[in-house]
Amino acid sequence: MYVAKPMPKNPVVAIAGITGAVGQEMLDVLTQLNFPASKVIALASARSAGKRIPYAGPGAPADGELVVQELTEDSFEGVDIALFSAGGSISEHFEKAVVASGAVMIDNTSAFRMRDDVPLVVPEVNADDITWHKGVIANPNCTTIQMVVALNPIYQLAPIKRVVVSTYQSSSGAGAEGMKELYDQTRDYLNGKEELTVEAFAHQIAFNCIPQIDVFMDDGSTKEEWKMVVETKKIMHAPDIEVAPFCVRIPILRSHSESIHVEFDTDKLDAEGHAYPTLDEVRNALENAPGLVVIDNPEKQEYPMPYPVSGTNETYVGRLRRDPSVKSGVAFWCVADQLRKGAALNAVQIAQALLP
């Protein structure tokens, strides 16, 4: 039986997978949010041990550099919070060691997301679920996170019947290797090279779109699309919401975009006979929701785009309008930096929620 140890005000934080793209973002977020760590421990594979990583945030060593240590079962002695982004098999392997040490694992992989005894948390949506963790808390998939941040304030207005979402996902969703491949292929293509090296993706990503993210499942959907369906239901405690996703990789470096159509499960009409909730009510809910920024001024061609929002922490929505194809529904565009809110930031926000 798991017994949580008291969380100190200034916890010791370990980052497993420190050399990866998300691990690096976690360091930046700890600094930006001034997370009150007393010490930060850098963990990675044996081949990265000994590397020095600049870090001047809370809990930094005097010389401003973290020395990477090899990730082992003994790495968590004295650790209070372990942020994991080193791959699902690594998280599964070290789960017992982390929990036995008394630390809380906040895991950024898909290893534990659908396990009944593991909370799947987006703090703006279901922070209360953190209270029943048994040593492991899961970070949702990046595409799910930004979508539920936008859906939740609307869901408070009226029940949601169905969500149809198409994603436009950046190359960094495949990690540092994905970004490098887009760089390399773009350079080689522009230099006239006929054969481009393809390793991180199923096909050439430069000047192309790939309608496959993760493996295909028996019903013809991909595992990325499946994640959006089941994770949304779990996070929002709404098993009856139907989610129809289509996930596509596009040739940009950073930040994911989504076109989202929401159909409300309501027959209620307003005083003028219009479907409820009104567009103004939806807009007001989005504008006042935590973690959301509305950029929606079509007359001035102002709407969220992935390049300008990269490196920021918020989830952005725009192009808000009625969906005329259903009795009561809205459509909007949603953009967020998936390395930040879709991964590192959400994990650190969960860590913040653990603090006394």
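The exercises below, each with a worked solution, concern a predicted model of a protein chain.

**Exercise 1. Overall form**

Determine whether the radius of gyration of the protein chain agrees or disagrees with that of a compact globule.

Solution. Begin with the chain length, which is 356 residues. For that length, a compact globule would have a radius of gyration near 21 Å. The protein chain has 21 Å, so the value agrees with the expectation. The extent of the C-alpha trace along the principal axes can then be added: about 65 × 60 × 45 Å. Nine helices and 14 strands make up the list of secondary-structure elements.

**Exercise 2. Burial, contacts and surface**

State what percentage of the residues count as buried, and describe the contacts and the surface of the protein chain.

Solution. Of the 356 residues, 52% count as buried. Next, take the contacts between residues at least 6 apart in sequence: 67% of these join residues at least 24 apart. Turning to the surface, the accessible area amounts to about 16300 Å², and carbon and sulfur atoms account for 51% of that area. Finally, consider charge: there are 30 positive and 47 negative side chains, and the centres of the two sets are 2 Å apart.

**Exercise 3. An aromatic pair**

Classify the ring pair of Tyr168 and Trp333 as stacked, edge-to-face or tilted, and locate both residues in the chain.

Solution. A pair of aromatic rings is described by the distance of the centres and the angle of the planes. The count for this model comes to four aromatic pairs. In the pair of Tyr168 and Trp333, the ring centres are 5.3 Å apart. Planes under 30 degrees apart would count as stacked and over 60 as edge-to-face; the planes here stand at 55°, so the pair is tilted. As for location, Tyr168 belongs to strand E9 (residues 160-169) and Trp333 to strand E14 (residues 329-336), so that the pair links distant parts of the chain, 165 residues apart. Tyr168 has a relative accessible area of 32% and is therefore partly exposed. Elsewhere, ring pairs join Phe76, Phe84 and Phe94 into a cluster.

**Exercise 4. The surroundings of Ala206**

Establish whether Ala206 is buried or exposed, and identify the residues in contact with Ala206 beyond its sequence neighbours.

Solution. First, place the residue: Ala206 is found in the loop between helix H5 (176-190) and helix H6 (223-235). The cut-off for burial is under 20% relative accessible area; Ala206 has 0% and therefore counts as buried. With neighbours within four places in sequence set aside, Ala206 is in contact with Leu182, Gln185, Thr186 and Pro251. A further distance concerns Ile250, 44 residues from Ala206 along the chain: the two C-alpha atoms are 8.3 Å apart.

Note on methods
Residues are numbered from 1 along each chain as its sequence is written. This is a predicted model: local features need pLDDT of at least 70, side-chain atom pairs count only at pLDDT 80 or more; totals for chains, interfaces and linings use all residues. Side-chain values use heavy atoms; hydrogens and water are left out. Helices (H or I, at least four residues) and strands (E, at least two) are DSSP runs, numbered from the N terminus. The radius of gyration is taken over C-alpha atoms; the globule rule is 2.2 Å times the number of residues to the power 0.38. Buried means under 20% relative accessible area, exposed over 50%, partly exposed in between (1.4 Å probe, protein chains only). Contact means heavy atoms within 4.5 Å. Accessible areas come from the Shrake-Rupley method with a 1.4 Å probe; for residues, only the protein chains shown count as cover. Lys and Arg count as positive and Asp and Glu as negative; His and the chain ends are not counted. The place of a charge is taken as NZ of Lys, CZ of Arg, CG of Asp or CD of Glu. Rings of Phe, Tyr and Trp (its six-membered ring) pair if their centres lie within 6.5 Å; planes under 30 degrees apart count as stacked, over 60 as edge-to-face and the rest as tilted.
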